[in-house]
Amino acid sequence: MVQRLERLDDGSFSLFVYGQRVGREQFSMQRVTAADGVALELRAESAEGDQRAAVTLETDSAGTPVRYAVEERTGALVTRRLGGQRVRGRFATLARSTTGEAAREFLLVPDAIVLEDRGVLQYALVVRHRTVAVGDSVRIPVLTPIANRQGTVWLVREATNDTVSIAGSRRPATRSRLVTQSGEIRLIWSDADGRLLRVVIPSRGFEALRDDIPR
């Protein structure tokens, strides 16, 4: 039985593409305790136009996945269901979509996290408790189950004295740069407690901005 110990964060992000609001993502993160090693539970529900996605990710204290579930819909049609679970040092997934069914096993290397091409809350695991000095970088192994791949990203701490405007208020923020293996840059702003404030992917014109100040 899972016992919820502490709410770490919850709220929502407005999603923009080239300055136009296209959707919203609601999220929660909790610290939990469980016999199978689950330490964090992340949940997110997003909507962009007629597309909906619901995600649940349970991880150990390092952010490495223990269980993972994704459901995507277009209108009333379920277009994808994906489930994943840690099994003896590997992470096994089964995906069912409108084009068929696919199973995959990923080797779970130490400190690997789930990082999909879409979604906002997952970036909390990128910046949470990363002790990186300004100008330094850290290598992070990642699994991208929806795209059926795994690889590496590099997190670079750019500044600890930046700010983000949330609900008309300027908030102090740490700015980090994430670089994928393909060279795509993703910018992440977080507060002193590692809570996400803003995510920008310049190559896509994408921005996710928190709706309210973290409490």
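**Ring pairs and two arginines**

One aromatic pair: that is the count here. Its rings belong to Phe13 and Phe27, with centres 5.2 Å apart and planes at 35 degrees, so the pair is tilted. Keep in mind that this is a predicted model.

Where do the two rings sit in the fold? Phe13 is in strand 1, residues 3–17. Phe27 is in strand 2, residues 20–33. So the pair ties together parts that are 14 residues apart in sequence.

Are these two residues buried or exposed? Phe13 is buried, at 0% relative accessibility. Phe27 is buried as well, with a relative accessible area of 7%. The cut-off for buried is under 20%.

Next, Arg186. Strand 13, residues 185–190, holds this arginine. Arg186 has a relative accessible area of 4%, so it counts as buried.

Which side chains does the Arg186 side chain meet through polar contacts? One is Tyr123, at 3.1 Å. Another is Glu184, at 2.9 Å.

Now the wider surroundings of Arg186, leaving aside neighbours within four places in sequence. Tyr123 appears again, among the contacts of Arg186. Leu115, Glu116 and Asp117 are also in contact with Arg186. So are Ser176, Arg177, Leu178 and Thr180. Val200, Ile201 and Arg204 complete the list for Arg186.

Last item: a charge over a ring. Which ring does Arg198 lie over? The ring is that of Trp189. Arg198 lies over its face, 4.4 Å from the ring centre.

Technical notes:
Residues are numbered from 1 along each chain as its sequence is written. This is a predicted model: local features need pLDDT of at least 70, side-chain atom pairs count only at pLDDT 80 or more; totals for chains, interfaces and linings use all residues. Side-chain values use heavy atoms; hydrogens and water are left out. Helices (H or I, at least four residues) and strands (E, at least two) are DSSP runs, numbered from the N terminus. Buried means under 20% relative accessible area, exposed over 50%, partly exposed in between (1.4 Å probe, protein chains only). A polar contact is a pair of N or O atoms within 3.5 Å; within protein, one must be able to donate a hydrogen and the other to accept it, and residues adjacent in sequence count only if both atoms are side-chain atoms. Contact means heavy atoms within 4.5 Å. Rings of Phe, Tyr and Trp (its six-membered ring) pair if their centres lie within 6.5 Å; planes under 30 degrees apart count as stacked, over 60 as edge-to-face and the rest as tilted. A charge sits over a ring if NZ of Lys or CZ of Arg is within 6 Å of the ring centre and within 35 degrees of the ring normal.
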